[in-house]
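Q: I am new to this structure and would like a close look at a single part. Please take me through the ligand and its surroundings, one step at a time.

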Amino acid sequence: MLRGRSILEPGDLSKEEFEEVFELAEKIMKDPAAYTHACDGKLLATLFYEPSTRTRLSFEAAMLRMGGQVIGFSEAGTSSVTKGESIADTVRTIACYADIVAMRHHKEGAPRIGTFAADIPLINAGDGGHQHPTQTLTDLLTILLMKGGFDNLTVGFCGDLKFGRTVHSLMKALTMYSGVRFMLISPEELVIPDYIRKEVLDKNNIEYKELRRLEEAIGKLDILYMTRVQKERFFNEEDYVRLKDSYILDQEKMSMARDDMIVLHPLPRVNEIAPEVDRDPRAVYFKQARYGMYVRMALIMKLLGVDDVSGERVVN
Ligand code: NCD
C-alpha cells in the first residue's frame with residue numbers, strides 16, 4: 001500500500017509498486033476525463049527551493065487535472081526561508097494546510113529532513129545531485145511504453161554522470177530488472193560518484209563500461225539517456241565552460257544508432273541535443289515530458305489513497 005508514504009528515492013518503491021503506478025498512469029492516459037474529480041478537495045503544496053519548470057508545473061498540472069488544488073512557492077526567496085526558517089519548520093507548517101508535499105532542494109537529503117517533520121506524504125522532486133524519483137518514474141514509464149519492458153536493455157547514459165541526479169535515480173531503479181547493461185559516457189571529470197559505483201552498480205553486479213566517446217557506444221544501445229552538464233553544481237565557471245559541450249547529439253551521430261534505439265532526456269536541454277534531432281522518430285523526450293504528468297497523477301492518487309475510491313468510482 002502506497003497510501004500515506006513518502007517517496008525520497010526509487011528504492012522507496014518495490015518493483016510491484018512501480019508496476020502499480022504505471023498501470024494506473026496508463027489507465028489515466030487512456031481516459032483522463034474519468035479522473036477529473038479523483039482529487040477533489042485535496043491540496044498539493046509545491047516547495048521548490050531550487051528552480052524548475054517541468055517538474056513543478058507537471059506536479060501542479062497533475063493535481064489540477066484531477067480536481068485538486070495547489071499552493072506553494074517556486075523560489076525560496078519568496079518564502080520564510082529568507083527569515084531563517086528551518087526546512088523542518090516550513091514543512092511542519094505546510095503539513096497543517098496541505099494533504100501532500102512535493103519538495104525540491106539544492107541540498108542533498110533536505111527532503112528527508114522534511115519527512116521527519118511532516119505527517120503527510122512528501123515527494124522528493126530533486127535534491128541536489130542526489131536523487132529524483134518522479135523523473136525516474138517518468139523515464140521508466142517512457143521505456144515501458146516505447147520498448148515494452150525493461151529486461152535485457154543496454155542503456156547509455158551520456159553527459160554529466162557526476163551531478164546528474166536523474167541519472168543516479170534511473171540507474172538505481174533499472175537494477176531491479178534482469179540483464180540490464182550500462183554504457184557510461186562522460187568526460188573524466190564527470191564520471192559517476194563512488195557511492196553509485198559501489199552501492200548501485202557493484203552491489204547489484206551490473207555490467208557496465210565507461211567510455212569517453214559517444215560514437216563508440218551509440219550503435220550498441222537500446223536507450224540513449226542524454227543529460228545536461230549541471231552548471232549550478234560547479235564550483236567554478238571555467239570548468240563548466242570547458243565541459244559543457246562535451247557531447248552534442250546530432251543527426252550524424254543518430255545515423256550510427258539502431259533504428260529501434262530511443263533517445264531520452266529529462267530536459268531542460270542546453271546544447272547536448274541539436275534541434276534537428278527532434279524530428280527523428282527515435283527522439284522521444286517531449287513525449288517523455290507528457291508521460292511525466294500522467295505518472296505524477298498516478299503517484300499522487302496512490303499516496304493520497306484515492307486510487308481505489310475516487311479513481312474507480314469515476315471510471316465506472
Ligand atoms: C532535471 C533535474 O532537475 O534534475 N530536470 C527535470 O527534473 N526535468 C534535469 C536537469 O535539470 O538537467
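A: Start with Glu50. Glu50 counts as buried because its relative accessibility is 7%, and the cut-off for buried is under 20%. Keep in mind that this is a predicted model. Glu50 belongs to the loop that runs between β1 (43-48) and α2 (54-65). Its side chain has a partner: a polar contact of 3.0 Å links Glu50 to the side chain of Arg165.

Arg165 takes us to the ligand. It is one of the residues that surround the ligand. The others in this shell are Thr55, Arg104, His132, Gln135, Thr166, Arg228, Gln230, Pro266, Leu267 and Pro268. By type, the shell splits into 3 nonpolar, 5 polar and 3 charged residues.

Where does the ligand sit? It sits in the largest pocket. Three side chains there deserve a closer look. His132 places a polar side-chain atom 2.7 Å from an oxygen atom of the ligand. For Gln230, an N or O atom of the side chain is 2.8 Å from a ligand oxygen. For Arg104, the matching distance between a side-chain N or O atom and a ligand oxygen is 3.1 Å. How much of the ligand does the protein cover? On its own, the ligand has 320 Å² of accessible area, and the protein covers 94% of it.

Now go back to Arg165 and follow its helix. Arg165 and Thr166 both surround the ligand, and both are buried residues of α6. This helix spans residues 165-174. Is α6 mostly covered or mostly open? It is mostly covered, with 9 of its 10 residues buried. Beyond Arg165 and Thr166, the buried residues of α6 are Val167, His168, Ser169, Leu170, Met171, Ala173 and Leu174. A general point helps when you look along a helix. An α-helix has 3.6 residues a turn, so residues three or four places apart point the same way.

Ser169 leads on to another loop. Its side chain makes a polar contact of 2.8 Å with the side chain of Gln131. Gln131 is in the loop between β4 and α5. Gln131 is buried, because its relative accessible area is 3%. Gly129 is also found in the loop between β4 (122-127) and α5 (133-147). Gly129 counts as buried too, at 10% relative accessibility. From Gly129, try a long step: Leu249 is 120 residues away in sequence and 23 Å away in space, C-alpha to C-alpha.

The loop just before α6 reads otherwise. Lys162 sits between β5 and α6. Lys162 is partly exposed because its relative accessible area is 36%, which falls between the 20% and 50% cut-offs. Its C-alpha atom is 27 Å from that of Gly149, with their positions 13 residues apart along the chain.

Return to the shell for Leu267 and Pro268, which are among the residues around the ligand. Pro268 is in the loop between β9 (262-264) and α11 (285-304), and Leu267 is placed between β9 and α11 as well. What kind of peptide bond joins the two? The bond is cis, with omega at about 5°. Leu267 has another feature in its backbone. Its phi is near 65°, a positive value in a residue other than glycine. Leu267 is buried, at 11% relative accessible area. A positive phi turns up at Asn152 too, near 60°, again in a residue other than glycine. Asn152 lies in the loop between α5 and β5 (154-158).

One more shell residue gives a way into the strands. Arg104 surrounds the ligand, and Met103 lies in strand β3, residues 100-105. Met103 is buried, with 0% relative accessible area. The C-alpha atoms of Met103 and Phe48 are 5.6 Å apart, although 55 residues separate them along the chain. Finish at Gly114, in helix α4 (residues 110-117). Gly114 is buried, with 0% relative accessibility. Val101 is 13 residues from Gly114 along the chain, and their C-alpha atoms are 9.4 Å apart.

How values were computed. Residues are numbered from 1 along each chain as its sequence is written. This is a predicted model: local features need pLDDT of at least 70, side-chain atom pairs count only at pLDDT 80 or more; totals for chains, interfaces and linings use all residues. Side-chain values use heavy atoms; hydrogens and water are left out. A residue is near a molecule or strand if one of its heavy atoms lies within 4 Å of it. A polar contact is a pair of N or O atoms within 3.5 Å; within protein, one must be able to donate a hydrogen and the other to accept it, and residues adjacent in sequence count only if both atoms are side-chain atoms. Accessible areas come from the Shrake-Rupley method with a 1.4 Å probe; for residues, only the protein chains shown count as cover. On a 1 Å grid over the protein atoms alone, a cavity is a set of points where a 1.4 Å probe fits but cannot get out, and a pocket is an open set with protein on both sides within 12 Å along at least five of seven lines; lining residues have an atom within 4 Å of a point. A molecule sits in a cavity or pocket if more than half of its atoms lie within 2 Å of its grid points. Ala, Val, Leu, Ile, Met, Phe, Trp, Tyr, Cys and Pro count as nonpolar, Asp, Glu, Lys and Arg as charged, and the others, Gly among them, as polar. Helices (H or I, at least four residues) and strands (E, at least two) are DSSP runs, numbered from the N terminus. Buried means under 20% relative accessible area, exposed over 50%, partly exposed in between (1.4 Å probe, protein chains only).
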